[in-house]
Amino acid sequence: MYILNSKQLKEADNATIKSKGITSISLMEHASILCFQWLHQRLQGQNIPIHVFCGIGNNGGDGLVIARHLLQHGYHVKCYVVNFSDKRTDEFLTNYNRLKELGEWPQIINGESDFPRVDFEDIVIDAIFGNGLTRNPKGFTKKLIQYINSTKVFSLAIDFPSGLFSDKSVNDKSTVLKAGHVLTFQTPKLAFLLPENKDYLNTWEVIDIGLDQEFIASLQPNIHYILKDDILQLYKTRNKWDHKGDLGHSLLIGGSFGKIGAISLASKAALKIGSGLVSIYLPKCGYSIVQTAIPEAMVEVDSDQVLTYFNFKTKATVIGVGPGMGTAEKTVKGFENFLKENQLPLVVDADAINILADQKELINFLPKNSILTPHPKELERLIGVWENDFDKLNKTIEFSIKHQIIVVIKDAHTVIIDKENLYVNSTGNPALATAGSGDVLTGIITGLIAQKYEPLNAAILGVYLHGKTADIAIEETGYETFTASNILDYLADAILDLFKENHTEENNASETVNEEK
Ligand SMILES: NC(=O)C1=CN([C@@H]2O[C@H](COP(=O)(O)OP(=O)(O)OC[C@H]3O[C@@H](n4cnc5c(N)ncnc54)[C@H](OP(=O)(O)O)[C@@H]3O)[C@@H](O)[C@H]2O)[C@@H](O)CC1
Ligand SMILES: Nc1ncnc2c1ncn2[C@@H]1O[C@H](COP(=O)(O)OP(=O)(O)O)[C@@H](O)[C@H]1O
Ligand SMILES: [K+]
């Protein structure tokens, strides 16, 4: 699914109005009725006070439409116009008049003395600012947002939590209305998926308002939200005559005394995702451990406690390097020599990333389309500090273009960056915040490349399945008891799930950001 920026969304609104021969008013009516229905389905006519706060633009227009339908269905509604500007859009005015025709005169808020009393048990509909927000809310509008936040009332944000920008960072945290739930139009918004915005929204879902898909595709959006449908297009089925030689040979390089587990997990993951053969190259001290733990794998050893020589004989298809490797001086030297000789596709993780961050000139030896899988701290060592999450993405895009490599920024929403293209993952949950889960991801991606997936597709599919294991598992394991080994236990379920009927919201983008709130 595409993620559109604010400009693209406005263009898509206009193109849809033209291509479908509808009016802007009817598009607004349609979008807002879907929001009304969402609430109506849940409230079933309950007599809870609902405060609808409307701006003076089209987000406010949506609020007016929702207020009208709620009133017509007998709800206990109070509607307000937050009068932060004299400009009013035509769609706002039309719907303002329609509401008045019902006998409901919205209360105009011109200052703090006009703020209504809002109680914790009430409901707020936030239709103050949407896609048109260009600068921080100020004056009494900012105060109103702060007042609503202070009540801790449940707020249903229309399209955006008011005060949250679509394509840039919030620099004054106190100007965003914290949303209990967001009904956002047509596509997820990048801002919802960034860690810096985690406090502004609890849950969100996309409301499909029927914008022109052909037009949207013609914009060639560079940001994607990866859902099951996208994954199904990448997934390769096996052929009847496939033998293990067809399914690639993964070589996992890493481990050091006390950290043999990391390379074991990565190697198990490469096997479990279907790599035909898996070899491990690690320090001698890990030999018996991996031979016992993973009888399917072949093993070659380096010197005693840390990797030093990198003189393995294995003829692999792809190499995953870094888990548990350490950054001992001998290892750094050996890794440098290895990089200078290596021609095979690489998945580079953990300490191998730290070595690259320390000696940036080595990055030039990575084959084109190598995959780096840093967590945010490792990324910072690699690309330097960023001002905010948009800056982080831009800096990573620059890095990816400069070095022609793919960067997997691991996080609650892992983002895969291939030059200017961004692929944001939709699966996973905090159960994955456990030691070794990154090592498993390295093995999964390596094992997929072995099976002839293009590196980008291997990263997208690997990250999706890795997250999906945790989504399936938590029903049985809860968050706490889930460990990195469980990722492997549930990998089969994650793969099989791709072929299950879509009975849930799997292809409707939606999510719970912060479950306990
Ligand atoms: N047919 C359609 O197009 C559909 C549109 N839809 C709905 O329209 C929404 C977008 O509406 P919108 O473009 O009118 O902008 P909106 O978010 O209401 O902001 C209002 C105005 O506020 C202004 N402004 C900005 N920042 C400010 C600030 N800090 N303090 C004060 N003023 C500020 C800014 O004007 P400016 O002053 O910058 O010129 C802006 O124009 C979208 O989110 C969705 O809900 C749906 O109905 C589907 C169909
Ligand atoms: N809260 C979360 N929600 C979803 N995924 C998460 C969360 N926390 C961690 N993960 C995932 O778990 C993995 C952790 O990787 P990493 O930090 O390298 O762990 P380790 O070094 O222990 O192997 C990443 O794939 C990351 O995306
Ligand atoms: K809003």
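Asparagine 59 is buried in this predicted model, because 25 other C-beta atoms lie within 10 Å and 20 or more are required for that class. Asparagine 59 is also one of the residues covered by the UniProt annotation "binding site", which comes from an unreviewed entry. The points below describe the annotated residues and then the surroundings of ligand 2.

**Annotated binding site**
- The UniProt record places Asn59, Asp126 and Ser162 under the annotation "binding site".
- These residues are spread over 104 residues of sequence, yet they cluster in space, with a largest C-alpha distance of 9.4 Å.

**Asparagine 59**
- Asparagine 59 belongs to helix 3, which spans residues 58–72.
- Beyond residues up to four places away in sequence, asparagine 59 touches Ala127, Ile128, Phe129, Gly130, Gly132, Ile158 and Asp159.

**Serine 162**
- Serine 162 lies in the loop between strand 5 (154–158) and strand 6 (179–185).
- Serine 162 counts as buried because it has 29 C-beta neighbours inside 10 Å.
- When neighbours within four places in sequence are left aside, the contacts of serine 162 are Asp126, Ile128, Phe129, Ile145, Ala157 and Leu177; among them, Asp126 is itself covered by the "binding site" annotation.

**Surroundings of ligand 2**
- Ligand 2 is surrounded by 17 residues, of which Lys410, Ala412, Gly428, Leu432 and Gly438 are the closest.
- Helix 14 (residues 437–450) supplies the largest share of this shell, with four residues.
- By class, the shell around ligand 2 comprises eight polar, six nonpolar and three charged residues.

Terms used:
Residues numbered from 1 in each chain as written. Chains lettered and ligands numbered in written order. Predicted model: local features only at pLDDT ≥ 70, side-chain atom pairs only at ≥ 80, totals over all residues. Near = placed C-beta within 6 Å. Helix = DSSP H or I, 4+ residues; strand = E, 2+ residues; numbered from the N terminus. Nonpolar A, V, L, I, M, F, W, Y, C, P; charged D, E, K, R; others polar. UniProt positions renumbered as here; feature names shortened; annotations may be inferred. Buried ≥ 20, exposed ≤ 12 C-beta atoms within 10 Å, placed from the backbone. Contact = placed C-beta atoms within 7 Å.
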